[in-house]
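User: Please take a close look at one part of this model: the strand pairs and what lies around them. Then set that part in the whole chain.

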Amino acid sequence: MRGPLGPVTGGYPSSDGSTQLGGVIRHHRKCRDIVFLLIFIAFWVAMIVNSSFGFNQGNPLRLTYGLDYKGNVCGDKHANPGLKELELRYWLNPNQVYESGSKDSLFSLSDARSICLLDCPTPSEDGLNWVCDYPEGEIRLSMDDWIDRNYDYFEFLTPEMRNTSLQLLGPCYPVIFPSTNVYWSCQFIARVSNMSLRHWQQMGGVNINEGIIIDKSIHQSINAQSSVLKRYVADVGKSWPVLIVCGGLLPLFLSIIWLLLIRHFVAAMPWITVVVFNILIISVTMFYYLKAGWIGHDSISPIIGEHDPYYHVSGRELHHLRVVAVLMTFIMIVSILASVAIVRRILMATSVLKVAAKVIGEVHALIIFPIIPYTILAIFYMFWLSATLNLFSSGRVLQNNCSSNCCTYDLALKKVNCDRCCGYSIHYTPHIGVAIFFHLFGCYWATQFFIACSATIVAGSVASYYWTPNEISTEVPFLPVFSSMKRLIRYSLGSIVLGSLIVSFVESIRFILESVRRKLKVPSTMPDGFFGKITFHSSQFLLRCIEWTIKSVNRNAYIMIAITGKSFCQASVVATELIFNNILRIGKVNVIGDIILSLGKLCISLSSALFAFLMLDAHKYRSSHNKVSSPLLPVLACWALGYVVATLFFAVIEMSIDTIILSFCQDSEEHQGNAQYAPPLLMETLNSQSETQRLTEGPS
């Protein structure tokens, strides 16, 4: 058995024999786990260096817009020539597009000559329209004049230039196929304009290939996995106002309201939480159905702006939304059934929430304290998101090494040029992938660290409240939250770093294993045999259990760190032993209380997701250059941010309950079953006849 912790955590006698406040909660501590604190500092230095690489090499415009034949990013005002507002990528030579879609062709669409335009050209109804290359050399037009002329200066061409244009060598090219704006690329519609084609043939133009291939070639490029990933990341950047409102301000407001309601209407809050949770998860699921096109006519579309209503283009984003809609349906059904199943246990949660509400009433700073870590995390997330956009776009723009015939007329050289006429692509080296993974890991570790710091400070405040002898309860230090914060910063930051690192490491291992499984093309490759399926599901369940156990042990270890000032490993041993010795006493209360609090966090995060759907429905995010390709990632980001904010604030209740219960168990253990430091309300709650029977005898 361990020695008693009474003199460590409660009052201690002074020289005159009177009881002094605080005990070793405020004295006789020393710095713990310093090595891990130094590692964390070094890690932050590496994060800054890693992010500076992204800021130096990245250009977020690359995530949304394509490259022209000079390697410029469409829409870049600093390009040469300036491409401000010229955001649409257009392929000039239809035969090159056709060739890139042929099965046996070595020609790539990235090598086809493309320029950036303001809008997608359309064929003339009574003649032949032209789209000409950027004006330079003998073409004395400014970019603005070129745009005003609908990119057409065919009438200014010399006979030689006209001849090369009729051979599809430029500098002007005919508009034979209609095109539409699909994710800022002009996708050809395989429906040739007969009038334009007739004029082209009458002028002696070369044969133009027709067929569905010209449509599919561009479509496959737009729907490539790398293109979809870039659009998803760009969506988060474009929807930053939504992230601020729905992922930051809204959950902050709702979390404070929830804490105040717990303080004043604790008996009704568990019931309200269950009802609101069911309403919200149904509402969010219905929004996924709406955007997936299964309800109503408001499904997402890859086409930007006005277009032929009879022309439809499918995208991976729509498929992903439908997969998530099915998954949300399953989660909704399971969640509703689970919430109904715990209704009978809500009274138990209410009784223990009353104790936490009493603590909040006594230690007033607990309600507003989470604003401090909230502010720090908000600043960190803004910096992190900006660095993320730059890291994902930090590849090098290099000219392709093509072996195909891409000869074109060069206005500057005044001749047809076949040298270095290949297109440009963004090349990502392996170290960029490592940098992105390191950046993602850093975000998760930092989040876990700040959440752990907040929880430990709350635990220290509640411990001071509990272990103050009843006779001198009026002498609880004013704002004990800041006393707890001072102890944490001075002595225990290294321990918190270690605990948050363990959680982050386990999550990263799970992520890597899942990525390897997907890379090996075994998404549903469960073994066919019965025992194989059992093994597969058991391993998945085991990983989840390990993750949950580590998080649970960490949370109780943070409590013991706040109380005793021990190192992380020592605090984990003490907390685990205390829990096992009193599992029947605290098991039910902890489980039911945690479920209600988890439902509360989900209510906050689901509210964030629901309002994100509503904000993303605005015209600003459905058209023009701010169009969001899919609400999926911004909504998930708002859900995650809302959950993090709710976790910060709900830790006040969560850690209050856990700290009070652990302290009560320790108090009872040290005083032969009679807790001497427990507040009257806690004694009334845990020692009542019915509660004692439920806590000690287990389910009947």
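Analyst: The answer starts with the basis, goes to the part you asked about, and ends with the whole chain.

This is a predicted model, so local features need pLDDT of at least 70 and side-chain atom pairs count only at pLDDT 80 or more, while totals for chains, interfaces and linings use all residues. Residues are numbered from 1 along each chain as its sequence is written, and side-chain values use heavy atoms, with hydrogens and water left out.

The protein chain has 22 helices and 12 strands. These are DSSP runs, numbered from the N terminus: helices are H or I with at least four residues, strands are E with at least two.

Take strand 7 (residues 179-182) and strand 8 (185-188) to begin with. They run antiparallel and are joined by 4 bridges; two strands pair if DSSP finds at least two bridges between them. Ser179 sits opposite Phe188 of strand 8. The two strands make a hairpin, with 2 residues between them. Tyr183 is in that turn, and its phi is positive, about 50°.

Strand 7 is covered on both faces. Ser179 and Asn181 are on one side, Thr180 and Val182 on the other, and all are buried. Buried means under 20% relative accessible area, exposed means over 50%, and partly exposed is in between (1.4 Å probe, protein chains only).

Now the other pair. Strand 3 (residues 88-91) and strand 4 are antiparallel, with 4 bridges. Arg89 faces Cys116 in strand 4. In strand 4 (residues 114-117), Ser114 and Cys116 point one way. Ile115 and Leu117 point the other way, and all four are buried.

Helix 7 ties the two pairs into one picture. Its buried residues are covered by strand 3, strand 7 and strand 8, among others. Helix 3 (94-101) and helix 8 (225-238) are also part of that cover. Which residues of helix 7 (residues 213-222) are buried? They are Ile214, Asp215, Ser217, Ile218, His219 and Ile222. An α-helix has 3.6 residues a turn, so residues three or four places apart point the same way.

What leads into strand 3? Asn80 lies in the loop between helix 2 (34-57) and strand 3. Asn80 counts as exposed because its relative accessibility is 64%. Not counting residues up to four places away in sequence, Asn80 touches Lys70 and Asn72; contact means heavy atoms within 4.5 Å. Lys70 is 10 residues from Asn80 in sequence, and their C-alpha atoms are 8.7 Å apart.

Next, the whole chain. Of its 700 residues, 55% count as buried. Among contacts with a separation of 6 or more, 76% join residues 24 or more positions apart.

The largest nonpolar core has 120 residues. A nonpolar core is a set of buried Ala, Val, Leu, Ile, Met, Phe, Trp, Tyr and Cys residues joined through side-chain atoms within 4.5 Å. Tyr288 and Ile653 touch the most other members of the largest core. Helix 20 (residues 632-670) gives the most to this core, with 19 residues. A second, separate core has 62 residues, including Val97, Leu109, Ile208 and Tyr409.

Ile653 has several contacts beyond its neighbours within four places in sequence. They are Trp258, Leu259, Ile262, Leu353, Ala356, Ile360 and Leu597.
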